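Reader: Could you take me on a close look at the metal site of this model, and then at what surrounds it in the fold? I would enjoy one connected account.

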Amino acid sequence: MITNSQSGTRVDEVAPSVYRISTPVTILPGGFSFNQYLLVDEAPLLFHTGPRRMFPLVREAIASVMPVERLRYVAFSHVEADECGSLNELLAASPQAEPLCGSVAAMVSVNDLADRAPKALADGESVSLGKARVRWLDAPHLPHGWECGYLFEETDRTLFCGDLFTQPGAQHAPVTTGDILGPSESMRAAMDYYAHGTASRPLFQKLAATQPKTLACMHGSAWSGDGERLIGELADAVAPSAS
Ligand SMILES: [Fe+2]
Ligand SMILES: [Fe+2]
């Protein structure tokens, strides 16, 4: 469903009660996309806020699904404009909302940047949203940012995987079972956004072990299938084992 015809912002349910909000942007040749994910439950959660200047579009898109004031958690993977640029605008619009992030993000940035104190999660710590339960997974420097981490929704096995599998281009199917590794590797070949930390491979293995059924990517299509296998293939491409 298109929620703003001028920007092309659209909202689609890509997993049970998980809505992908996507806006095409022109910051890269060939176009690009910024996605946010809204998990609707008793305590609704937004993963990624979008950049500050995109806030009116994201607010409008959330409002097409539920009242923005119902938001309980505003979560993100790491501190960048597309991840949390409109965090304070969302906190102002949603009186009960708290930032939800990893403990490193809270310590280094969010305790200071956010207008309301964050709920900081340790690696492996989980939070109930009602029906759904989300678990925080630390992933320092994967693909970038010391504070980087992900949320895994345990009931329907959705991994909110942020910048992993970043796909170029502005127009994508909301969710696909097709190839996203090829496009994301072509993006990485042109613009390598990975820090290539020494722990990349075990971190990929930790993420793959959640056996996700849906990968909620921040840029491009969400993906449905055997997430353990696909993350393993990404690990082989980005951080091949020494042997
Ligand atoms: Fe990023
Ligand atoms: Fe991103």
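Author: Happy to. Let us begin with a term: donors are N, O and S atoms within 2.8 Å of the metal (3.2 Å for Na, K and Ca), and because water is not among the atoms, sites may look incomplete. This is a predicted model, in which local features need pLDDT of at least 70 and side-chain atom pairs count only at pLDDT 80 or more, while totals for chains, interfaces and linings use all residues. Residues are numbered from 1 along each chain as its sequence is written, chains are lettered from A and ligands numbered from 1 in the order in which they are written, and side-chain values use heavy atoms, with hydrogens and water left out.

With that in hand, look at D163, which bridges the iron ion (ligand 1) and the iron ion (ligand 2); the two ions lie 3.9 Å apart. For the iron ion (ligand 1), the protein donors are H78 (NE2), E80 (OE), H144 (NE2) and D163 (OD), at 1.9 to 2.2 Å. The angles among these four donor atoms run from 89 to 155 degrees, and the site is irregular. That word covers anything outside three classes: four donors are tetrahedral if all angles lie between 85 and 135 degrees, while four are square planar and six octahedral if opposite donors are over 155 degrees apart and all others between 65 and 115.

Along the sequence, the donor residues of the iron ion (ligand 1) follow the spacing H-x1-E-x63-H-x18-D. The pair H78 and H144 links distant parts of the chain, 66 residues apart: H78 sits in the loop between strand 6 (73-75) and helix 2 (81-84), and H144 in the loop between strand 10 (133-138) and strand 11 (149-153). Here helices (H or I, at least four residues) and strands (E, at least two) are DSSP runs, numbered from the N terminus. Both H78 and H144 are buried, meaning under 20% relative accessible area, with exposed over 50% and partly exposed in between (1.4 Å probe, protein chains only).

Strands 10 and 11 lead us to the sheet. It is an open sheet of seven strands in the order 9-10-11-12-14-15-13, with mixed pairing; two strands pair if DSSP finds at least two bridges between them. Its edge strands, each pairing on one side only, are strand 9 (126-128) and strand 13 (175-176). Strand 9 is joined to strand 10 by three bridges in the antiparallel sense, and V127 stands opposite V134 in strand 10.
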